2 protein chains.
Amino acid sequence: MADSQQLQSNTDAGNNLPFAIIHRLPNFKFSLSWAEDIVSLIEPSDPLYPIHGPSARVAIDIGPSPIKSEHLDQYPSVEYIIGTSAGVDHIDLAECCRRNIRVTSAGGAFSEDGADYAIGLLIDVLRRISASDRYVRAGLWPVKGNYPLGNKLGGKRVGIVGLGNIGSLVAKRLEPFGCTIGYTSRNKKPQVPYQFYTTALDLANNSDALIVCCALTEKTRHVINHDVMKALGKRGIIVNIGRGALVDEKELVKFLVGSELGGAGLDVFENEPQVPKELMTMDNVVLSPHKAILTPESFEALRELIRENLKAFFSNKPLLCELNLSG
Amino acid sequence: MADSQQLQSNTDAGNNLPFAIIHRLPNFKFSLSWAEDIVSLIEPSDPLYPIHGPSARVAIDIGPSPIKSEHLDQYPSVEYIIGTSAGVDHIDLAECCRRNIRVTSAGGAFSEDGADYAIGLLIDVLRRISASDRYVRAGLWPVKGNYPLGNKLGGKRVGIVGLGNIGSLVAKRLEPFGCTIGYTSRNKKPQVPYQFYTTALDLANNSDALIVCCALTEKTRHVINHDVMKALGKRGIIVNIGRGALVDEKELVKFLVGSELGGAGLDVFENEPQVPKELMTMDNVVLSPHKAILTPESFEALRELIRENLKAFFSNKPLLCELNLSG
């Protein structure tokens, strides 16, 4: 929506809609026009923010735009923050809890896309799909002959780091490929048939590939470290669709440069959009610009979730995908 | 094996092993040293072929090396041809039938790899994995920002052209992704839960993506033709891991150039290793140099199959993966 239209909407006293604050980093753009039959949208930069903003009870956090204590100070009436990404490590949840602010995440809206992409990256790394596509496009097939073989997915031991929404869907997708599935997670899940390991190191010792899809917290930062990579071994593969900082990227580069790991499929990096230059020429690595959980179809699911939650909040009904902040 | 060793092996009258002819195009190399405890290997070009070749009862056909009537004339005692690829369209089966020659294929040895690769190509085309990998490697992420979104696999109607060994495994793998699966095949399979369509055209009319994995015969040549592509529509995707000639490649190029198809994942081409140059710059196409069914692990399975069949043949036991030539 253009700024003038936005202003028009906000000054329209006749619509009687409650206000919702759009909280976003300047470069994060995300149209919310589809919510304007439920709320009037306003940003802190709007001229009318001093009139309507301080009484707004809802803030919508666009993508992973950080929400810290100083932001919350600007939103004195906010009781509810709508997260629009699957992870919530960019929101100061302890502070939200202290201020009695409720938080919902994008929940499962992106989980299927994330799981699909993880499988795509794993097959791609093992079978060298992207690398051989470059080989064909470079005109090398008629000149140099067959491309070196990759490796079979069936029979591989795949370890899932974080058996949450996405991890569970990854496991379900891997079953018909004939993989042996293990996992590590905060807690052992009594309902699942997969082998549980208490640490990522134990899991790596018993895996040919790791799929990293847990939330980023202080406990999981660099959960894939030197020792885990060493345990995974020279033929081991790491797929990361979680957050860049789940993997010690400097160590990862060292292992890959030294052929101490078999390969990697990376959708996330520690310092996005920067990608370590050493990886740029490796054929056993697939590099993806942080888009595992994004499709138009999942955006549609997210829009539906946000609309439902806005309606639920203003009519005092239970919220979907609400986080338990006291846990 | 070096020629001199081969010769040594063939002249070793003490080993008492039966001879097996290696039939291959000159550029097809495939070590068979792991079969030498069962047979003595000989090629038509060997100096000793005139002595041992004409009495050999077995020929091993390397890869898709054609076996026609004139080749069979050179192998007057051959009763059994061991095919080493999943497809057998390069062997004149009618002539084999007429001469009472039995034929086995690689059967399911490569089926899992083929199915895995089909899923990999489908996810890659939908989610633009190879294209966005090129984007990152070209250094465009920090410069041009996010890469355009692909599409979600879940909810898509996937049509399988040929529900044989590979097609059945493709279907099984697709189930947990939440796809609706349909198929066309010579006959309706009573045991499967997927919707059957009598023609590829019917299937295309009811599919968002087609996965082509049937055998190439005179009936299936260009089974994916202009009308099928038209029916599949502007967002439709074609994945071909069967044989290049199953798809009318000229039409495919026209449809892709004209944005009348959504994308394609191609492991095979009509005139390999030549790939239509129009496809080389398309980001909605994944180009793979005919390697869907090849991994070291499946080669190992093939070796085991050939060993078992050689032993079975010489001890008059049933062969594995024998073709019904009278059917």
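UniProt positions are given here in the numbering of this model, and its annotations may be inferred rather than shown by experiment. The model itself is predicted.

**Exercise 1. Locate the two annotated domains of chain A and describe each span.**

Step 1. Start with the catalytic domain. The unreviewed UniProt entry lists "D-isomer specific 2-hydroxyacid dehydrogenase catalytic" at residues 65-320 of chain A.

Step 2. Describe that span. Residues 65-320 of chain A are 36% helix and 13% strand. The end C-alpha atoms are 21 Å apart.

Step 3. Repeat for the other domain. The unreviewed entry places "D-isomer specific 2-hydroxyacid dehydrogenase NAD-binding" at residues 119-292 of chain A. This span is 31% helix and 16% strand, and its end C-alpha atoms lie 10 Å apart.

**Exercise 2. Work out how helix 6 of chain A is oriented against helix 6 of chain B.**

Step 1. Recall the method. Two packed helices are described by the angle between their axes and the distance between the axes.

Step 2. Read off both values. Helix 6 of chain A and helix 6 of chain B (residues 129-137) pack at about 75°, with axes 9 Å apart.

Step 3. Classify the angle. Angles of 65 to 115 degrees count as roughly perpendicular. The two helices are therefore roughly perpendicular to each other.

Step 4. List the contact. Chain A supplies Ile129(A), Ser130(A), Asp133(A), Arg134(A) and Arg137(A). Chain B supplies Ile129(B), Ser130(B), Asp133(B), Arg134(B) and Arg137(B).

Step 5. Sort by class. This contact has 2 nonpolar, 2 polar and 6 charged residues.

**Exercise 3. Do the same for helix 6 of chain A and helix 5 of chain B.**

Step 1. Helix 6 of chain A (residues 129-137) and helix 5 of chain B (residues 111-127) have axes that come within 11 Å and cross at roughly 75°. That angle makes helix 6 of chain A roughly perpendicular to helix 5 of chain B.

Step 2. Ile129(A), Ser130(A) and Ser132(A) meet Tyr117(B), Gly120(B), Leu121(B) and Asp124(B).

Step 3. By class, this contact has 3 nonpolar, 3 polar and 1 charged residues.

**Exercise 4. Is helix 8 of chain A mostly covered or mostly uncovered? Trace its packing.**

Step 1. Count. Helix 8 of chain A (residues 165-174) has 7 of its 10 residues buried, so with buried meaning under 20% relative accessible area, the helix is mostly covered.

Step 2. Name them. The buried residues are Ile166(A), Gly167(A), Leu169(A), Val170(A), Ala171(A), Arg173(A) and Leu174(A).

Step 3. Find their partners. They pack against helix 5 and strands 6, 7 and 9 of chain A.

Step 4. Follow one link. Leu122(A) touches Leu174(A), with Leu153(A) and Val158(A) also among its contacts. Leu122(A) and Leu122(B) touch the most other members of the largest nonpolar core, which has 115 residues.

Methods: Residues numbered from 1 in each chain as written. Chains lettered and ligands numbered in written order. Predicted model: local features only at pLDDT ≥ 70, side-chain atom pairs only at ≥ 80, totals over all residues. Heavy atoms only, no water. Axes fitted to C-alpha atoms, helices over the stretch in contact; angles between N-to-C directions. Helix = DSSP H or I, 4+ residues; strand = E, 2+ residues; numbered from the N terminus. Parallel < 35°, antiparallel > 145°, perpendicular 65-115°, else oblique. Contact = heavy atoms within 4.5 Å. Nonpolar A, V, L, I, M, F, W, Y, C, P; charged D, E, K, R; others polar. Core = buried A, V, L, I, M, F, W, Y, C linked by side-chain atoms within 4.5 Å. Buried < 20%, exposed > 50% of the residue type's maximum accessible area, 1.4 Å probe, protein only. Lists of a residue's contacts leave out its neighbours within four places in sequence.
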